[in-house]
Amino acid sequence: MSMPTSLALLNTFGLNQYCDSLVEVTSKEELINTCLMLYQQQQSMFILGGGSNVVFTDDFEGTVVKVSTKGIVVNEDAGFYYLTVQAGESWHQLVEYCLAKDIYGLENMALIPGTVGAAPIQNIGAYGVEFNRFCHNIEFLQLDTGNLVNFDNQQCHFGYRESIFKQVLKNLVVITEVTLKLAKHWVPEINYGPLQHFNLLDVTAQQIFDCVCMVRRSKLPDPKIFGNVGSFFKNPVVSTQEYDLLKSRYCELVGYPQADNHYKLAAGWLIENAGLKGFNIGGAAVHQDQALVLVNLGHATGNHVCQLAKYIIQIVFEKFAVILQPEPRVIGSVGEIEIK
Ligand SMILES: Cc1cc2nc3c(=O)[nH]c(=O)nc-3n(C[C@H](O)[C@H](O)[C@H](O)COP(=O)(O)OP(=O)(O)OC[C@H]3O[C@@H](n4cnc5c(N)ncnc54)[C@H](O)[C@@H]3O)c2cc1C
């Protein structure tokens, strides 16, 4: 008999919704068999990693499959290490594991919460480095055929917080395993903000890791204290023309030039300068120090979070004519919904 189970401790926003049943899978075989069985019985299912990029707005009428599969295998050739990692491994623990084995490259992405299996979905990134830089292969279960399929880096169509797994393959596959390719000849990435004071010639991966951890701990609210999902909105990308127009009105506007005549704007700056820092609806608030982060003041519901997000999108649009896009996945009673 399945039992309604609270998801409160399984999502970093701390939203207290229930699911009809919860299955925790600890081996790849169990993950595949469970998902195929639910799919074939046409039961609603939701695949859950660390719950650090989801907002539950209702009780989920179906089965939540919590991915807790473990295992890391390291292979190498003359130039590279290849790490094949099970989907349920913790991303941050993988970063630490690599550092301890003198395998470098992931240190800029320290302390990103969640699982390795979720990392390719939104192509996680931080401090100038994105997951796709190291992605060699993604293995996933295709639910309709029951086949295990392998995609190389190109086939994943990675972009800024984007991949094929959020587009045409959304909800059709379950990522089972990820293979990363890390060069033995390490090139540090220190172009981003707080890392710029390091010297390229003598910086160590451990120093970058320590600096990233320190800055993140000081900047981001700890989900154990104030529930959150990190950045709530993507940084919007606008044309140079739009950027120039905004910059002429707001000289302090923060934007970073991109390839092909575009600029990435700092969403946090837009929210803060729309006067929304600290603003709240019910138990959900714009964080006092980090306007890009929405927090649970204690009794937020997923609906408070969505109402707040909608309001922010509206006000930012009215003031700057820029459309903010939410980063987390919003899950209603039967599956994913859009904040509109
Ligand atoms: C404090 C904080 C800081 C953050 N900082 C960053 C940051 O710097 N950069 C960044 O990119 N992100 C950041 N995030 C967001 C989050 O950490 C990432 O999106 C992470 O990859 C989510 O992993 P998860 O395992 O928690 O996914 P979940 O939240 O469990 O799931 C997210 C989505 O992926 C799907 N999914 C999960 N696992 C699988 C699987 N194996 N197969 C198929 N679908 C799956 C789920 O169904 C869901 O739709 C932050 C979050 C928090 C709370």
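**A few notes on this predicted model**

1. Thr-84 sits across from Thr-179 of β12. That is a handy way into the structure, which is a predicted model, so keep that in mind while you look around. The pair belongs to an antiparallel pairing of β7 (residues 80-86) with β12, made over 7 bridges.

2. Now stay on β12 and look at its other pairing. Strand β10 (residues 135-142) also runs antiparallel to β12, again over 7 bridges. If you want a landmark there, find Ile-138, which faces Val-178 in β12. How many of the 11 residues in β12 are buried? The count is 9, so the strand, spanning residues 173-183, is mostly covered.

3. Next, a small open sheet. Three strands line up as β13-β15-β14, with antiparallel pairing. Which strands stand at the edges? They are β13 (237-239) and β14 (255-258); each has a single partner strand, so each has one side without a neighbour in the sheet. From one strand to the next, the twist averages 35°.

4. Within that sheet, have a look at how β14 meets β15 (residues 262-265). The two pair in the antiparallel sense, over 4 bridges. One spot to click on is Gln-258, with His-262 of β15 opposite.

5. The loop between β14 and β15 deserves a stop too, as that is where you will find Asp-260. This residue has a positive phi of about 45°, although it is not a glycine. Is Asp-260 buried or exposed? Its relative accessible area is 62%, and the cut-off for exposed is over 50%, so Asp-260 counts as exposed.

6. Tyr-127 makes a good companion to look at. Here too phi is positive, at about 50°, and the residue is not a glycine. Tyr-127 lies in the loop between β8 (125-126) and β9 (129-130). Its relative accessibility is 9%, and buried means under 20%, so Tyr-127 counts as buried.

7. There is another open sheet of 3 strands, in the order β4-β19-β20, and its pairing is mixed. At the edges you will see β4 (54-56) and β20, each with a single partner strand, so one side of each has no neighbour in the sheet. The parallel part is easy to find: β4 and β19 pair that way over 3 bridges. Val-55, for example, has Val-330 in β19 as its bridge partner.

8. Two strands from that sheet come up again at a pocket. β19 (329-331) and β20 (336-337), along with helix α6 (302-320), each supply at least two residues of the lining of the second largest pocket. The volume of this pocket is about 440 Å³. Which of its 20 lining residues are closest to the centre? Those are Gln-325, Pro-326, Pro-328, Glu-338 and Ile-339.

9. What is the lining of the second largest pocket made of? It divides into 10 charged, 8 nonpolar and 2 polar residues. Two domains take part: domain 2 (72-219) and domain 3 (237-337) each give at least three residues to the lining. When you turn the model to view this pocket, try to keep both domains in sight.

Terms used. Residues numbered from 1 in each chain as written. Predicted model: local features only at pLDDT ≥ 70, side-chain atom pairs only at ≥ 80, totals over all residues. Heavy atoms only, no water. Buried < 20%, exposed > 50% of the residue type's maximum accessible area, 1.4 Å probe, protein only. Pairing = 2+ DSSP bridges. 1 Å grid on protein atoms, 1.4 Å probe; cavity = no way out; pocket = protein on both sides within 12 Å on 5 of 7 lines; lining within 4 Å. Points joined across faces, edges and corners; volume = space filled by probe spheres on them. Nonpolar A, V, L, I, M, F, W, Y, C, P; charged D, E, K, R; others polar. Domains from an automatic or database assignment. Axes fitted to C-alpha atoms, helices over the stretch in contact; angles between N-to-C directions.
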